[in-house]
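Reader: I would like to learn how to read a ligand site and a strand residue from a model. Please take me through one case.

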Amino acid sequence: MKSIQIQPSADILAKAAAESVIEIGADSIRSRGNYSIALSGGSTPLALFRILAGKDYDKRLDWGKVDFFWGDERTVPPDHEDSNYFQAAQELLRPRSIDPDRIHRIQGEIEPVQAARSYQEDLQNYFGSSRPRLDLILLGLGSDSHTASLFPGTDLVTNPGINSDLLVGANWVPKLESWRISFTHQLINLARNVLFLVSGEGKAAALRNVLEGDDLPGSYPAQLIRPVDGKLIWLVDEEAASQLTDLKHT
Ligand code: 6PG
């Protein structure tokens, strides 16, 4: 099931995202006793992290039962400002005093292929399954229609079938001249809930291409995200939605 919710501003978008994170989390903890969430990187989720770290959310969720993962990571140490782990630690995990045993970061500081292999094993061990099913995966959207670190024209996108058992891969990104470690779309599509958070005029063309463009996942990798048995939620603001023509996505 896919839904798109358009919020009037970035601030209201972040608040709506926080409510979705809490609602999914409360249901996950009620149903299974814990909540596995994969965070996205980049700048868009920062406002969300800060809201979730705020006092208003102290009692909104049993934070001691939340396990944090990441959908992708840069190949930098965990104390580097570009690290997705680092920014989440600063804005959410430390302020919430999350138990380190419940923080499952990708080791961006080691060799990328080894880091991806190790993270895939960690996920399979944590979930006790070869097909880990997270409760929620947060995703952003790049202006080039990438998501996580699934960039247009890169191996994890153009040769997804090379190894359909691959759940976490190392991906060379020529435009960044850098390796990234990323969930594959196969893993993302196993999730119970996938939530895209997209804000700003700069993402309007990408959002139109992904939602309304031709089926070209090689060029618009976010089109690869189609949960097998889960909910796909697009939370976007009016600026990001400004080039959408068909709002019957809901
Ligand atoms: C990353 C993210 C990436 C991000 C998009 C959007 O590691 O950068 O996982 O997929 O979500 O690039 O980034 P912004 O939110 O900064 O626009």
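Author: Start with the make-up of the site. This is a predicted model. By class, the shell around the ligand holds 2 nonpolar, 8 polar and 4 charged residues.

Reader: Which of the 14 residues around the ligand come nearest?

Author: T44, D72, R74, A148 and K203 come nearest.

Reader: How do I read a polar contact to the ligand?

Author: Look for a pair of N or O atoms within 3.5 Å. Here, a polar backbone atom of A148 is 2.6 Å from an oxygen atom of the ligand. For S43, a polar backbone atom lies 2.7 Å from a ligand oxygen atom. With G41, the distance from a backbone N or O atom to an oxygen atom of the ligand is 3.4 Å.

Reader: How much of the accessible area of the ligand does the protein cover?

Author: On its own the ligand has 410 Å² of accessible area, and the protein covers 87% of this.

Reader: Where does the ligand sit?

Author: The ligand is placed in the largest pocket.

Reader: Now the strand residue. Is A38 buried or exposed?

Author: The general idea is a cut-off: a residue is buried if its relative accessible area is under 20%. A38 counts as buried because its relative accessibility is 0%. A38 belongs to strand β2, which spans residues 35–39.

Reader: What separates the C-alpha atoms of A38 and F69 in space, and along the chain?

Author: Compare the two separations. The C-alpha atoms of A38 and F69 are 4.2 Å apart, while the two residues are 31 residues apart along the chain.

Definitions and conventions. Residues numbered from 1 in each chain as written. Predicted model: local features only at pLDDT ≥ 70, side-chain atom pairs only at ≥ 80, totals over all residues. Heavy atoms only, no water. Near = heavy atom within 4 Å. Polar contact = N/O pair within 3.5 Å; in protein donor to acceptor, adjacent residues only side chain to side chain. Areas by Shrake-Rupley, 256 points an atom, 1.4 Å probe, with all protein chains shown as cover. 1 Å grid on protein atoms, 1.4 Å probe; cavity = no way out; pocket = protein on both sides within 12 Å on 5 of 7 lines; lining within 4 Å. Sits in = over half its atoms within 2 Å of the grid points. Nonpolar A, V, L, I, M, F, W, Y, C, P; charged D, E, K, R; others polar. Helix = DSSP H or I, 4+ residues; strand = E, 2+ residues; numbered from the N terminus. Buried < 20%, exposed > 50% of the residue type's maximum accessible area, 1.4 Å probe, protein only.
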